[in-house]
Amino acid sequence: MKKSLIALALGCGISASSFAANPAITHVLTADPAAMVHDGTVYLYTGHDEAKDNSTFYEMHKWLVFSSTDMVNWTDHGAIMKATDFKWAKGDAWAAHTVEKDGKFYFYTTVRHATINGFAVGVAVSDSPTGPFKDALGKALISNDMTTDTDIDWDDLDPAVFIDDDGEAYLFWGNTKARWAKLKDNMIELDGPIHNIDIPSFTEALHVHKHGEWYYLTYATGFPEKTAYAMSKSIEGPWEYKGILNELAGNSNTNHQTVIDYKGRSFFIYHNGGIEPDGGSFRRSVCIDELYYNEDGTIKRIVMTSEGVEPVK
Ligand code: FUB
């Protein structure tokens, strides 16, 4: 039985699959994955592509969350928030990222600002990883008027937060300019200036993870996008460019990625337009493949598969 049929059979917004495949989620269109491991469970946050077939731009109103304990069977917890739940925003639920701090879950996300031209970063909070999430600040954390070094109004998108081993939190974001700033302990205010990061051919989708002694900065490069990465021994850089990590994602001009370690294995989670029969750049689906490190800490090129990953035990 196909995974989508199993999902329909289960109903009630719950989906499950008994075997792996890519795309990993097939009963709803999912884009811009961000994953968080909490209390032994993986929570996968995604945008929701709602564009019709043949659309030429995104239609995205809300964000979704799924959970799994084996990276193959995913439970659908439904929508956690919509873009206009931020009263100062007018829409466009683009890429987001969730982290946990002191028992609260902070959801950093991209929306289009209602009164300040361009995209902005909002922050919402919840007591549960599956929400509901509420605006934590009542205004944008980052708006386009705070970053005036580009001519475009979409340079403040795709937030990702990294909490270091010492509890300090860092916000990364940007399009064409890669940016970071420290966050205060309350997670909803910047703690110091906005810095630019010097990395080649940066497009968007900054994401930071740590594995062993190394910090890794992965990001979308070029357009259509591939994924590139850089490494550093410090969260504040400098970052050493290490090349292409993932090639063009089939049938999609974006390739937005997240990386996690889970139960002794490492995973590269991204989207492509591979869902049948009408996937594409604005009808995307999340995929999951293995990620392998070399002994020197560099990462092997991702092999995108149709088969997906073996279940984690
Ligand atoms: O989903 C809308 C935009 O497409 C995201 O913000 C980018 O990362 C790209 O995936």
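**Exercise 1. A serine and its strand**

In which strand is the place of Ser67? Work out its surroundings in this predicted model.

*Solution.*
Step 1: Ser67 sits in strand S3.
Step 2: Turn to accessibility. The relative accessibility of Ser67 is 10%, so this residue counts as buried, the cut-off being under 20%.
Step 3: Look for a partner of the side chain. Ser67 and His77 are joined side chain to side chain by a polar contact of 2.7 Å.

**Exercise 2. From Ser68 into the loop**

Find which backbone atoms lie by the side chain of Ser68, and then describe Met71.

*Solution.*
Step 1: Ser68 is also a residue of strand S3, and its relative accessibility of 3% makes it buried.
Step 2: A polar atom of the Ser68 side chain lies 2.8 Å from the backbone nitrogen of Met71. The backbone oxygen of Asn73 is likewise 2.8 Å from a polar atom of that side chain.
Step 3: Now follow Met71, which belongs to the loop between S3 and S4. With a relative accessible area of 2%, Met71 is buried.
Step 4: Check its backbone. Met71 has a positive phi, near 70 degrees, although the residue is not a glycine. As background, most residues other than glycine have a negative phi.

**Exercise 3. Putting the four-stranded sheet together**

Determine the strand order of the open sheet of 4 strands, and describe its pairings.

*Solution.*
Step 1: The order is S1-S2-S3-S4, and the pairing is antiparallel.
Step 2: Identify the edges. Strand S1 (31-38) and strand S4 (75-82) each pair on one side only, which makes them the edge strands. From one strand to the next, the twist averages 25 degrees.
Step 3: Examine S1 with S2. Strand S2 covers residues 41-47 and runs antiparallel to S1, with 6 bridges between them. One bridge partnership links Ala35 to Leu44 in S2.
Step 4: Inspect the turn. The hairpin of S1 and S2 has 2 residues between the strands, and Asp39 takes a positive phi near 50 degrees there.
Step 5: Examine S3 with S4. Strand S3 (residues 62-68) pairs with S4 in the antiparallel sense over 5 bridges, and Leu64 has Ala79 of S4 as its bridge partner.
Step 6: Is S1 mostly enclosed or open? Of the 8 residues of S1, 7 are buried, so the rest of the structure largely encloses this strand.

**Exercise 4. Strand S12 and its two partners**

Describe how S12 is covered, and which strands it is joined to by bridges.

*Solution.*
Step 1: Strand S12 (residues 178-183) is mostly covered, with 6 of its 6 residues buried.
Step 2: Take the pairing with S11. Strand S11 (residues 169-173) runs antiparallel to S12 and is joined to it by 5 bridges, with Leu171 partnered by Ala181 of S12. In their hairpin, which has 4 residues between the strands, Gly174 takes a positive phi near 135 degrees.
Step 3: Take the pairing with S13. Strand S13 (residues 195-197) is antiparallel to S12 and shares 3 bridges with it; the bridge partner of Trp180 in S13 is His195.

**Exercise 5. Backbone exceptions elsewhere**

Locate the cis peptide bonds before Pro238 and Pro277, and the positive phi of Ala205.

*Solution.*
Step 1: Gly237 to Pro238 is a cis peptide bond, omega near 5 degrees. Pro238 lies in the loop between strand S16 (226-232) and strand S17 (240-246).
Step 2: Glu276 to Pro277 is cis as well, again with omega near 5 degrees. Pro277 is in the loop between strand S19 (265-272) and strand S20 (285-290).
Step 3: Ala205, not a glycine, has a positive phi near 60 degrees. Ala205 is part of strand S14 (residues 202-211), and at 1% relative accessibility Ala205 is buried.

**Exercise 6. The ligand site**

List the classes of residue around the ligand, then find polar side-chain atoms by its oxygen atoms.

*Solution.*
Step 1: Residues around the ligand include Asp32, Trp94, Glu204, His271 and Arg284. By class, this shell holds 4 nonpolar, 3 polar and 4 charged residues.
Step 2: Go through the distances. An N or O atom in the Asp158 side chain is 2.6 Å from a ligand oxygen atom. For His256, a polar side-chain atom is 2.7 Å from an oxygen atom of the ligand. For Tyr58, the distance from a side-chain N or O atom to a ligand oxygen is 3.4 Å.
Step 3: Finish with the surface. The ligand taken alone exposes 280 Å², and the protein buries 100% of that.

Notes. Residues are numbered from 1 along each chain as its sequence is written. This is a predicted model: local features need pLDDT of at least 70, side-chain atom pairs count only at pLDDT 80 or more; totals for chains, interfaces and linings use all residues. Side-chain values use heavy atoms; hydrogens and water are left out. A residue is near a molecule or strand if one of its heavy atoms lies within 4 Å of it. A polar contact is a pair of N or O atoms within 3.5 Å; within protein, one must be able to donate a hydrogen and the other to accept it, and residues adjacent in sequence count only if both atoms are side-chain atoms. Accessible areas come from the Shrake-Rupley method with a 1.4 Å probe; for residues, only the protein chains shown count as cover. Ala, Val, Leu, Ile, Met, Phe, Trp, Tyr, Cys and Pro count as nonpolar, Asp, Glu, Lys and Arg as charged, and the others, Gly among them, as polar. Two strands pair if DSSP finds at least two bridges between them. Axes are lines fitted to C-alpha atoms, for helices over the stretch in contact, and angles run from 0 to 180 degrees between N-to-C directions. Buried means under 20% relative accessible area, exposed over 50%, partly exposed in between (1.4 Å probe, protein chains only).
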